[in-house]
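Q: Hey, can you walk me through this one? I've got a few quick things to ask.

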Amino acid sequence: MTASPAGGKNAGRSAARVGTWPDDAVPDAEIAAWLVQGDDRWLALAHRRWSHLVQAYAWRVLGDAREAEDVAQHVFVAAWRGRAGFRPDRGTLPAWLMGITRRKTADALSARTRRLELVAAAGRQRCDETVGGPEQVIDRIVTTRELALLPRVQRDVLALAYFADLTQVQIADRTGMPLGTVKSHARRGMQRLRLRVAAGAAESGY
């Protein structure tokens, strides 16, 4: 069967987009040029080339692998969106990316501080409220104990939802986390919480 002219043209464009080099053989200068030109091959290749460098720095500062991964995602998206600010004559692309990394890591630390302050304030507010009956007290104790066993960000999101009665939109607004990230942490946290509560009930014979 003879290929149509349109198909041949598309195939030619696809071949041109792939390029003639494997990823690890593309020079740094070429990747930097793609960024300046707005070539959409840049984001995926730059992430594969330098994400380990970005994540390693963020992990050393934050001490949390998941947060470091989130920072890395933000760094490369910010670099792509702010590519007009990259000047090859002023420094290398990795150095420019690390400058963004330091800023994004500092932002993550500030967001963590805000989350901790909100959780602490919510806990104080909850303690100041009427305690309620014995079943409510037990429920709060169990919930608090199980929350403490979750990964930190999931714990913070669910604590704000449970103790401060905040919606996911409000949590995103107050912590500075993207709404999608809040929803993801809330979903994973609730899944873990349900599994732990179910396992505890099974062990107790209920």
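**Chat about the structure**

Q: Is Asp64 buried or exposed?
A: Asp64 is buried, with a relative accessible area of 17%. The cut-off matters here: buried means under 20%, so 17% counts. Keep in mind that this is a predicted model.

Q: Okay, and where is the place of Asp64?
A: Asp64 sits in the loop between helix 3 (42-62) and helix 4 (65-81).

Q: Which backbone nitrogen does the side chain of Asp64 reach at 2.8 Å?
A: That's the backbone nitrogen of Glu67. There's another one too: a polar atom of the Asp64 side chain lies 3.0 Å from the backbone nitrogen of Arg66.

Q: What is Asp64 in contact with, leaving aside neighbours within four places in sequence?
A: Trp59, Arg112 and Arg152, once those neighbours are left out.

Q: Switching topic. How many helices and strands does the protein chain have?
A: It comes to 9 helices and 0 strands.

Q: And how much of the chain counts as buried?
A: Of the 206 residues, 32% count as buried. The chain exposes about 12700 Å², and carbon and sulfur atoms supply 56% of that.

Q: Cool. How many residues has the largest nonpolar core?
A: The largest nonpolar core has 26 residues. Ile31, Trp42, Leu93, Trp96 and Leu97 have the most contacts inside it. Helix 2 (28-37), helix 3, helix 4 and helix 5 (93-128) each supply at least two residues of this core. Apart from it lies another core, of 15 residues, including Leu160 and Phe163.

Q: Why would nonpolar side chains be buried together?
A: It's a general tendency: in soluble globular proteins, nonpolar side chains tend to be buried together.

Q: Back to Trp42. What is Trp42 in contact with?
A: Leaving aside neighbours within four places in sequence, Trp42 is in contact with several residues, among them Ile31, Trp34, Leu35, Phe76 and Leu97.

Q: Which residues in helix 2 are buried?
A: Ile31, Ala32, Trp34 and Leu35 are buried in helix 2. Looking down the axis of helix 2, its buried residues fall within an arc of 155 degrees, so they line one face of the helix.

Q: What's on the other side of helix 2?
A: Ala29 and Gln37 are there, and they're exposed.

Q: Last one: what phi does Gly38 take?
A: Gly38 comes just after helix 2 and takes a positive phi of about 75 degrees.

Note on methods
Residues numbered from 1 in each chain as written. Predicted model: local features only at pLDDT ≥ 70, side-chain atom pairs only at ≥ 80, totals over all residues. Heavy atoms only, no water. Helix = DSSP H or I, 4+ residues; strand = E, 2+ residues; numbered from the N terminus. Buried < 20%, exposed > 50% of the residue type's maximum accessible area, 1.4 Å probe, protein only. Polar contact = N/O pair within 3.5 Å; in protein donor to acceptor, adjacent residues only side chain to side chain. Contact = heavy atoms within 4.5 Å. Core = buried A, V, L, I, M, F, W, Y, C linked by side-chain atoms within 4.5 Å. Areas by Shrake-Rupley, 256 points an atom, 1.4 Å probe, with all protein chains shown as cover. Arc of directions from axis to C-beta.
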